[in-house]
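Student: Could you take me through one part of this model slowly, a single loop and whatever helps me place it? I'd like one connected answer rather than a list.

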Amino acid sequence: MSADVNPQDDAYPLDAEQVARYQREGYLVLPDVVADPALLPLERTFQRFIEGRVPGMGRDFCDMSGPYGRAFEDFNLVNAVLPRVYDTSLVDNVFERRAAAIARQLIGHDIALDYDQFLAKRPKRTRAVFAWHQDLGYWPTGTPDTRTVTCSLALDDATLENGCLQVVPGSHREAELRSHRPSAWSSSPELRAEAHTLTVELRPTDSIVALPVRRGSITVHNERIVHGSPGNTTDGWRRTYVVAFRSRQTVEYERRIGFTHSHNDTINWKTHLEALDAEPRLARV
Ligand SMILES: O=C(O)CCC(=O)C(=O)O
């Protein structure tokens, strides 16, 4: 599903200080990346997915805060992965183009869109927690070039109260990726057959920074930064549209080994999950 990025005039110039901060801290907050009314058609498409109105997604439509197989009403953190695969009208939309322009300034010009994702925290769901993780922990090990820019567009103002993204600044510069484990609800030998979510331990020295953003603004994060988000205690939704860019070679390499980011895939590549590292085995992602 890799898509070449269309280098059009959707510029969002970053200054040298922002680029340096991304390298140093592993994240950025950028205001007004997609303003209304351009957000409205994206939001309509988002709603079709998040309300469960797109058929045939299998496990690409799930709850990121719990096991597969939950009734839809019980989803806390509604997750639609690869929406542009299921609805190609999303391909090359204004957010993709502007996020690509940002990504080129951060990791270079030869990039492709790797995956997209819609996330929505239901109101008053304190369990709508996105467990602490590093994105690379979810992806195949052995990929030579891991450079990634992940841009998350707020469709609602994101606040501490509705569960905005939180990061551990600088954690992307640690020499080793932290150990990722399946979350508590997935303790059977089947591991990720039951749930997609992995998690890392926070360390006493970790300082956590919350990233509140206004509707239309984005957060940008590095593939190795430790991040997660708490539950939603408010009466409103927290909705986020994620797109991630990697080098074209990396996207092509990972597709060749069968990794597409779909939860419907069967894992037959080496993962970072310690228990699977010794011998890749068949299980759903
Ligand atoms: O926005 C969130 O709550 C978490 C999203 C996330 O972990 C990611 O996009 O990698």
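Tutor: Let's start with His 261, which sits in the loop between helix H6 (248–256) and helix H7 (274–277). Bear in mind that this is a predicted model. The backbone at His 261 is worth a look: phi is positive, about 80°, although the residue is not a glycine. Is His 261 buried or exposed? With a relative accessible area of 8%, His 261 is buried, because the cut-off for that label is under 20%.

Stay in that loop and you'll meet Asp 265, which also lies between H6 and H7. Asp 265 has a relative accessibility of 16%, so by the under 20% cut-off Asp 265 counts as buried too. Its side chain has a partner: a polar contact of 2.5 Å links the side chains of Asp 265 and Thr 260.

Now move on to Asn 268, again in the loop between H6 and H7. Here the label changes: Asn 268 has a relative accessible area of 52%, so it is exposed, the cut-off being over 50%. You can also use Asn 268 to see how the chain comes back on itself in space: its C-alpha atom is 7.5 Å from that of Gly 258, and the two residues are 10 apart along the chain.

For a second loop to set beside this one, go to the stretch between strand S2 (27–30) and helix H2 (39–50), where you'll find Pro 37. The peptide bond joining Asp 36 and Pro 37 is cis, with omega at about 10°. Asp 32 belongs to the loop between S2 and H2 as well. Phi of Asp 32 is near 50°, another positive value in a residue other than glycine. Asp 32 is exposed, since its relative accessible area of 58% is over 50%. So put the two positive-phi residues side by side: His 261 is buried at 8%, whereas Asp 32 is exposed at 58%.

A third loop takes us towards the ligand. Asp 156 is in the loop between strand S7 (148–154) and strand S8 (166–168), and at 17% relative accessibility Asp 156 counts as buried. Its C-alpha atom is 5.7 Å from that of Arg 239, with the two positions 83 residues apart along the chain count.

Arg 239 falls within strand S14 (238–247), and S14 is one of the elements that give two or more residues to the shell around the ligand, along with strand S6 (130–133) and strand S13 (226–229). Which residues make up that shell? They are Leu 119, Phe 130, His 133, Asp 135, Leu 165, His 221, His 227, Ser 229, Arg 238 and Val 242. Sorted by class, that gives 4 nonpolar, 4 polar and 2 charged residues.

Three of these side chains are worth picking out for their polar atoms. Arg 238 has a polar side-chain atom 2.8 Å from an oxygen atom of the ligand. For Asp 135, a side-chain N or O atom is 2.9 Å from a ligand oxygen, and for His 221 the corresponding distance is 3.4 Å. How much of the ligand does the protein cover? Taken alone, the ligand exposes 290 Å², and the protein buries 97% of that. The space the ligand takes up is the largest cavity.

Technical notes:
Residues are numbered from 1 along each chain as its sequence is written. This is a predicted model: local features need pLDDT of at least 70, side-chain atom pairs count only at pLDDT 80 or more; totals for chains, interfaces and linings use all residues. Side-chain values use heavy atoms; hydrogens and water are left out. A residue is near a molecule or strand if one of its heavy atoms lies within 4 Å of it. A polar contact is a pair of N or O atoms within 3.5 Å; within protein, one must be able to donate a hydrogen and the other to accept it, and residues adjacent in sequence count only if both atoms are side-chain atoms. Accessible areas come from the Shrake-Rupley method with a 1.4 Å probe; for residues, only the protein chains shown count as cover. On a 1 Å grid over the protein atoms alone, a cavity is a set of points where a 1.4 Å probe fits but cannot get out, and a pocket is an open set with protein on both sides within 12 Å along at least five of seven lines; lining residues have an atom within 4 Å of a point. A molecule sits in a cavity or pocket if more than half of its atoms lie within 2 Å of its grid points. Helices (H or I, at least four residues) and strands (E, at least two) are DSSP runs, numbered from the N terminus. Ala, Val, Leu, Ile, Met, Phe, Trp, Tyr, Cys and Pro count as nonpolar, Asp, Glu, Lys and Arg as charged, and the others, Gly among them, as polar. Buried means under 20% relative accessible area, exposed over 50%, partly exposed in between (1.4 Å probe, protein chains only).
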